[in-house]
Structures are given as structure tokens and as C-alpha cells.
Amino acid sequence: MSVVSTAQATWSGTLKDGSGSTSLISSGLGTFATNWKARAEGADGNTTPEELLGAAHAACYSMAMSNGLAEQGLVATRIDVKADVTFVPGEGITGVALTVVAEIPGMDQADFATFAEAVKGDCPVSKALTGTSVTLTSAALL
């Protein structure tokens, strides 16, 4: 069985002076404003493709980690994942740095660090981003 998730973007005007919006169609959870200034200079109340990509990557990684833990007979009390997506105008997305902090009863810090790095390759979004550098910047077990 396959599932198709749908988002839609609308843009008006030039790249630098225009603006647009991105809508989460499948879930109906919202429409978010976008513009070049937010993308090139930092957030100004608008989202960016990179922020949306980071949200997808963080969610995907946490789900992959949960699945990998279940395969080892472990259940996390909590998994927090942050994805920092770097965009350089003229170059594009140059990297994604994942930070994960988790509380996993029955797992020690050394095993967690190894496990967290291995999960990076299991996440479907990580696999889709093979054209960019995806690093695990921090792995902490609470």
C-alpha cells in the first residue's frame, strides 16, 4: 500500500520581491506564508522550504528511531529531534544537522550514540537527501 501526501505552493511576483504560501493539503493543518527575505536572511514570520524540510526530517528521524528501538525490544519514553537545515543563496541546501535527545530505559550512552548514527541512514527523508550532507550533531541520552 502506498500513501501520497500532498502540499501545494503558490507564488506571485519576482523571486526577491514576490511572496507565496505553502499549504498542507493532505492534513489540512494550515497554510504558511513564504518569501525570499525569510529564506535568504532568516525568518521574519514566514516559513521557508528549508524549515518545512527540517520539520519533515525531524519527524521522520524520530519515527525511524522509535522503529529501530522496537526491533531491539526497547521503547523510548521520549525522543526529541531538531533539524537545522542550512541554505546558502546561490548554492542551495548545503546540509542538515540533526540533534537528538532521548530518554530510553535500558540503553546506555555509548550504545545510544552508535544507534542514533545508524538510524540516520534508515530514515526515508535522510535517504531522499542523499545529495546533501546529513550529520548527527549531538546525541544525548537522558
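Analyst: A residue counts as buried under 20% relative accessible area, as exposed over 50%, and as partly exposed in between. The model discussed here is predicted.

User: Is Asp 80 buried, partly exposed or exposed?
Analyst: Asp 80 has a relative accessible area of 32%. Buried means under 20% and exposed means over 50%. The value of 32% therefore makes Asp 80 partly exposed.

User: With which residue does the side chain of Asp 80 meet in a salt bridge?
Analyst: Side chains of opposite charge can pair when their charged atoms come close. For Asp 80, the N to O distance in the salt bridge is 2.8 Å. The partner in this salt bridge is Arg 78.

User: On which face of β4 do Arg 78 and Asp 80 lie, the covered or the uncovered one?
Analyst: In a regular strand the side chains alternate between the two faces of the sheet. In β4, the covered face holds Ile 79, Val 81, Ala 83, Val 85 and Phe 87. Arg 78 and Asp 80 are listed with Lys 82, Asp 84, Thr 86 and Val 88, and that face is uncovered.

User: Which residue of β5 stands opposite Arg 78?
Analyst: β4 and β5 pair in the antiparallel sense over eleven bridges. Within this pair of strands, Val 88 has Gly 92 as its bridge partner. Arg 78, for its part, stands opposite Glu 103.

User: Which residue in the turn between β4 and β5 has a positive phi?
Analyst: The two strands form a hairpin, with three residues between them. In the turn, a positive phi of about 90° belongs to Gly 90.

User: How many residues does α2 supply to the largest nonpolar core?
Analyst: In soluble globular proteins, nonpolar side chains tend to be buried together. The largest nonpolar core here has 27 residues, and those with the most contacts inside it are Tyr 61, Met 65, Val 100 and Phe 112. At least two residues come from each of α2 (49-71), β4 (78-88), β5 (92-103), α3 (109-120) and β6 (133-141). The largest share is that of α2, with six residues.

User: Which residues does Phe 112 touch?
Analyst: Phe 112 is among the residues with the most contacts inside the core. Leaving aside residues up to four places away in sequence, it touches Met 65, Val 100, Ala 102, Ile 104, Met 107, Ala 139, Ala 140 and Leu 141.

User: What span should α2 have from its number of residues?
Analyst: The helix has 23 residues, and the rule allows 1.5 Å a residue. The expected span is 1.5 Å times one less than the number of residues. The end C-alpha atoms of α2 lie 33 Å apart, which agrees with the expected span of 33 Å.

User: Which residue of α2 forms a salt bridge with Arg 39, and is that residue buried or exposed?
Analyst: Arg 39 lies in helix α1 (residues 36-41), and its partner lies in helix α2, eleven residues apart. The closest N and O atoms of Arg 39 and Glu 50 are 2.7 Å apart. Arg 39 has 29% relative accessibility and so counts as partly exposed. The value for Glu 50 is 5%, and so the residue in question, Glu 50, is buried.

User: Which residue of helix α3 forms a salt bridge with Glu 117?
Analyst: Both residues of the pair lie in α3, three residues apart, about one turn of the helix. Glu 117 counts as partly exposed because its relative accessibility is 38%, whereas Lys 120 counts as buried at 16%. The closest N and O atoms are 2.7 Å apart, and the partner is Lys 120.

User: Is Asn 46 buried or exposed?
Analyst: Asn 46 lies in the loop between α1 and α2. It touches Ala 33, Thr 34, Asn 35, Ala 38 and Glu 51, not counting residues up to four places away in sequence. Its relative accessibility is 16%, and so Asn 46 counts as buried.

User: Which strands are the edge strands of the open sheet of three strands?
Analyst: The order in this sheet is β1-β2-β3, with antiparallel pairing. Six bridges join β2 (residues 19-24) to β3, and Ser 21 stands opposite Ala 33 in β3. An edge strand here pairs on one side only, as do β1 (7-12) and β3 (30-35).

Technical notes
Residues are numbered from 1 along each chain as its sequence is written. This is a predicted model: local features need pLDDT of at least 70, side-chain atom pairs count only at pLDDT 80 or more; totals for chains, interfaces and linings use all residues. Side-chain values use heavy atoms; hydrogens and water are left out. A nonpolar core is a set of buried Ala, Val, Leu, Ile, Met, Phe, Trp, Tyr and Cys residues joined through side-chain atoms within 4.5 Å. Buried means under 20% relative accessible area, exposed over 50%, partly exposed in between (1.4 Å probe, protein chains only). Helices (H or I, at least four residues) and strands (E, at least two) are DSSP runs, numbered from the N terminus. Contact means heavy atoms within 4.5 Å. Two strands pair if DSSP finds at least two bridges between them. A salt bridge is a side-chain nitrogen of Lys or Arg within 4 Å of a carboxyl oxygen of Asp or Glu.
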